Every structure is written in C-alpha cells, then in structure tokens.
Amino acid sequence: METPQPNEPHGHNNPAARALRFIEQGLLMVAALMTLGAAGAEVAAVYQRGGIVLADILLMFLYTEVIAMIAVFYTGKKSSFVFPIFIAITAIARLIVLQGKDMQAENVVYEASAVLLLAFAALVMGRIRSD
C-alpha cells in the first residue's frame with residue numbers, strides 16, 4: 001500500500017486538506033467553548049437553586065463526555081466512536097430521570113432497551129477497536 005505523495009489529493013500538503021483540517025480544529029474549539037459555557041451556566045443555575053438533583057449530575061456527565069470526545073479528536077486517539085454512544089446512553093438516562101414517574105411503562109421499556117442496545121454497541125466497538 002502506497003502512502004500519499006505531497007502532490008496527491010489526500011496528502012497533508014494539499015491546500016484543501018489543510019483548509020478542511022483548519023475548519024475542523026476551529027469548529028472543535030467552538031464546540032469546546034460552548035460546552036464549557038453551558039457547563040458554567042448549569043453550575044450557576046444549581047448554585048442559584050441551592051440544590052443538586054440527579055438530572056443536574058447527568059447533565060454535567062454529558063458535558064464531560066463531550067469535552068472528552070473533543071479531546072480524543074485533538075489527541076488523535078482511535079476510540080472516538082465510543083464517546084457518542086456514551087453520550088447517548090447518558091442522555092437517555094437523563095431523559096428517564098426527568099420524565100420520572102409520569103412515563104408510561106412501555107416508554108420505560110423502550111428507553112431501557114435503547115440503553116441496553118447502545119451498551120452492547122459500545123462493547124462491540126470496544127472489542128473491535130482493541131483487536
């Protein structure tokens with residue numbers, strides 16, 4: 001298998017590839033700043049309320065996972081496929097907590113099944129990536 005030459009379209013010296021990489025890095029930085037801003041606003045809201053509920057903790061985990069996913073892109077690690085799955089699991093768990101006892105039983109089963117399916121997907125992705 002040949003490596004791309006500097007003048008080939010997929011090479012790192014290609015102006016289009018450099019421009020797209022620059023755009024990607026910029027958007028990742030914007031996403032990180034927005035996530036940090038949202039986390040700060042949530043901390044301020046918790047402080048004003050004077051109490052912490054489980055939904056607040058799950059939301060902070062969502063923000064943490066987004067930051068971790070951005071860090072994976074910057075460090076070049078190869079396990080970035082699992083982070084969106086973790087974010088989805090945490091988001092569904094937060095949805096279940098927020099809806100609380102008002103949920104119909106079948107909706108709880110559907111959402112719990114989604115969490116189980118996502119957990120299985122994360123397990124499979126982790127095994128595939130480690131091979």
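**Exercise 1. The salt bridge of E24**

Determine which residue forms a salt bridge with E24, and describe the setting of both partners in this predicted model.

*Solution.* Step 1: The partner of E24 is R21, and the closest N and O atoms of the two residues are 2.6 Å apart. This separation satisfies the criterion for a salt bridge, because the side-chain nitrogen has to lie within 4 Å of the carboxyl oxygen.

Step 2: Both E24 and R21 belong to helix α1, which covers residues 15–49. They are three residues apart, about one turn of the helix.

Step 3: E24 has a relative accessible area of 30%, so this residue is classed as partly exposed. R21 is also partly exposed, because its relative accessibility is 43%.

Step 4: As general background, side chains of opposite charge can pair when their charged atoms come close.

**Exercise 2. The salt bridge of D56**

State how many salt bridges are counted, and classify D56 and R49 as buried, partly exposed or exposed.

*Solution.* Step 1: The count comes to two salt bridges. One of them joins the side chains of D56 and R49, with a distance of 2.4 Å from N to O.

Step 2: D56 has a relative accessibility of 6%; the limit for a buried residue is under 20%, and D56 is therefore buried.

Step 3: R49 reaches 49% relative accessibility and so counts as partly exposed.

**Exercise 3. The overall plan of the chain**

Describe the secondary structure of the protein chain, and give the share of its residues that is buried.

*Solution.* Step 1: The protein chain contains four helices and zero strands. Followed along the sequence, the pattern reads α-α-α-α.

Step 2: Of the 131 residues in the protein chain, 22% are buried.

Step 3: Among contacts with a separation of 6 or more, 55% are between residues 24 or more positions apart.

Step 4: The exposed area of the protein chain is about 9500 Å², and 70% of this area is supplied by carbon and sulfur atoms.

**Exercise 4. The largest nonpolar core**

List the residues of the largest nonpolar core, and identify the helix that gives the most to this core.

*Solution.* Step 1: The largest nonpolar core consists of eight residues, namely A39, L59, L62, Y63, M69, V72, F83 and I87.

Step 2: Two or more residues are given to this core by each of the elements α2 and α3, the latter being residues 82–99. Helix α2 gives the most, with five residues.

Step 3: M69, a member of the core, is in contact with F83, P84 and I87 when neighbours within four places in sequence are left aside.

Step 4: Y63 lies in helix α2. Y63 is buried because its relative accessible area is 18%. Beyond neighbours within four places in sequence, Y63 is in contact with T35, A38, A39 and E42.

Step 5: The C-alpha atoms of Y63 and A32 are separated by 9.3 Å, although these residues are 31 residues apart along the chain.

**Exercise 5. The aromatic pair**

Find which residues form the aromatic pair, and describe its geometry.

*Solution.* Step 1: One aromatic pair is found in a search of the whole structure. The pair is formed by F83 and F86.

Step 2: The ring centres are 6.4 Å apart and the planes are at 85°. The geometry is edge-to-face, because the angle is over 60 degrees.

Step 3: F83 and F86 both lie in helix α3, three residues apart, about one turn of the helix.

Step 4: F83 has a relative accessible area of 19% and is therefore buried. F86, by contrast, has a relative accessibility of 35%, so this residue is partly exposed.

**Exercise 6. The nonpolar surface patch**

Identify the residues of the nonpolar patch on the surface, and state which helix supplies the largest share.

*Solution.* Step 1: The patch is formed by I52, L54, I57, F61 and V97, and their accessible area together is about 460 Å².

Step 2: The largest share, three residues, comes from helix α2, which covers residues 54–75.

Step 3: F61, one of the patch residues, is found in helix α2. Its relative accessibility of 47% means that F61 counts as partly exposed.

How values were computed
Residues are numbered from 1 along each chain as its sequence is written. This is a predicted model: local features need pLDDT of at least 70, side-chain atom pairs count only at pLDDT 80 or more; totals for chains, interfaces and linings use all residues. Side-chain values use heavy atoms; hydrogens and water are left out. Patches are made of residues with over 30% relative accessible area and no salt bridge: like charges are joined within 9 Å, nonpolar side chains (Val, Leu, Ile, Met, Phe, Trp, Tyr) within 5 Å. Accessible areas come from the Shrake-Rupley method with a 1.4 Å probe; for residues, only the protein chains shown count as cover. Buried means under 20% relative accessible area, exposed over 50%, partly exposed in between (1.4 Å probe, protein chains only). A nonpolar core is a set of buried Ala, Val, Leu, Ile, Met, Phe, Trp, Tyr and Cys residues joined through side-chain atoms within 4.5 Å. Contact means heavy atoms within 4.5 Å. Rings of Phe, Tyr and Trp (its six-membered ring) pair if their centres lie within 6.5 Å; planes under 30 degrees apart count as stacked, over 60 as edge-to-face and the rest as tilted.
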